[in-house]
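Biologist: I would like to go through this model with you and ask how each term is earned. Could you show it to me?

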Amino acid sequence: MSDVEQTLGRIAAAGDLQALDAARVEALGKNGWVTALLKTLGGMTPDERQVRGPEIQGVRARVTEAIAERKEQLVSAELERRLATERLDLSLPAPERPQGTVHPVSQVMDELAEIFADLGFAVAEGPEIETDWYNFTALNMPESHPARAMHDTFYCEPRDGEPARVLRTHTSPVQIRAMEKHGAPLRVIAPGRVYRSDSDATHTPMFHQVEGIVIDRAIHLGHLKWTLETFLKAFFERDDIAIRMRPSYFPFTEPSAEVDVGWSMEKGRRVVGGQEGWMEVLGSGMVHPRVIAAAGLDPNEWQGFAFGTGIDRLAMLKYGMNDLRQFFDGDIRWLKHYGFAALAIPTLSAGVGA
Ligand code: DAH
């Protein structure tokens with residue numbers, strides 16, 4: 001067998017890239033036999049070269065081509081092999097991972113956003129470290145106003161040249177910020193953390209409120225009542241929600257009303273719905289003209305209603321917890337019991353309750 005046939009045989013038989021490369025070196029390497037043949041061309045007469053030259057180049061071309069072809073075969077065979085062995089069965093159960101839950105407060109905030117979005121409300125935010133002006137003065141509580149004393153305020157250490165700051169005692173300051181930022185007409189809710197120096201089974205120094213405000217040209221108490229009724233029906237997922245508005249006082253609304261919701265006993269538990277008794281759930285009223293003016297709008301042109309309530313309390317009423325302090329203990333057992341799956345996203349169509 002000639003050298004060419006032998007080399008081509010070896011190339012065809014190469015079982016992997018390494019064997020193929022060995023065959024290549026033997027023929028085309030620095031000391032390979034094809035290379036040696038090529039070197040003989042230099043010592044030939046022109047006549048000899050004219051005959052042997054094309055022969056030798058032809059040998060080199062055949063060997064080179066055979067190597068390339070075999071290489072392609074080996075590479076694709078290797079790919080096939082890997083595709084066959086590195087298979088991943090996606091139907092296998094995922095490995096156990098520690099799973100957290102969505103805190104009821106977050107869940108209720110999502111429910112509120114969903115319900116009020118359907119009524120055309122956007123979600124607004126404001127800072128938790130708030131200036132005295134937004135937290136009190138702009139809400140018609142000037143310094144020395146007696147209502148200030150009711151808030152058990154955490155005051156921040158005053159700093160030279162900076163406005164006095166407090167930890168916001170309610171979400172109402174977001175009313176002012178939203179009016180300033182977006183003007184009128186306006187429809188927003190503002191959920192968030194608030195702070196008061198108070199602590200027992202039903203009070204924690206930090207808790208959550210949601211504020212709502214609607215400003216337009218002809219908004220009246222009827223709109224307020226309908227909005228709250230619609231909200232409470234959607235939130236508690238019952239049609240037999242009864243509300244009662246009692247005259248009250250808040251500095252930032254005139255007139256002001258406290259809103260009670262009817263409750264009844266079901267399986268020994270007090271639940272929202274029916275009318276066996278009443279419990280207070282919301283503060284509300286028509287936004288005071290001075291508040292509208294403090295936010296830079298003309299109270300002769302614009303009017304509206306506002307309301308505020310505690311989110312933690314709403315969560316307790318809906319999901320049956322009875323000690324507020326446990327909301328903030330971070331106890332994994334409580335969270336497993338009362339928390340929500342990450343994918344239990346509230347939607348109006350499916351019912352906002354998880
Ligand atoms: N800011 C009040 C509070 O913290 C709640 C409240 C009452 C908000 C009446 C309002 C309102 O917007 O109109 O107790």
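Modeller: Here are some questions about its domains, pocket and cores.

Modeller: This is a predicted model, where local features need pLDDT of at least 70, side-chain atom pairs count only at pLDDT 80 or more, and totals for chains, interfaces and linings use all residues. Residues are numbered from 1 along each chain as its sequence is written, and side-chain values use heavy atoms, leaving out hydrogens and water.

Biologist: How do you know where domain 1 and domain 2 lie?

Modeller: The bounds, 3-85 and 104-338, come from an automatic or database domain assignment. The C-alpha centres of the two domains are 84 Å apart.

Biologist: What makes Arg196 and Glu280 lining residues of the largest pocket?

Modeller: A pocket is an open set of points on a 1 Å grid over the protein atoms alone, where a 1.4 Å probe fits, with protein on both sides within 12 Å along at least five of seven lines; lining residues have an atom within 4 Å of a point. Arg196 and Glu280 are among the 40 residues that line this pocket, and both belong to the group nearest its centre.

Biologist: Why is Phe116 called a member of the largest nonpolar core?

Modeller: A nonpolar core joins buried (under 20% relative accessible area, 1.4 Å probe, protein chains only) Ala, Val, Leu, Ile, Met, Phe, Trp, Tyr and Cys residues through side-chain atoms within 4.5 Å. Phe116 is one of the 39 residues in this core, and among those that touch the most other members, so Phe116 meets that definition.

Note on methods. Buried means under 20% relative accessible area, exposed over 50%, partly exposed in between (1.4 Å probe, protein chains only).
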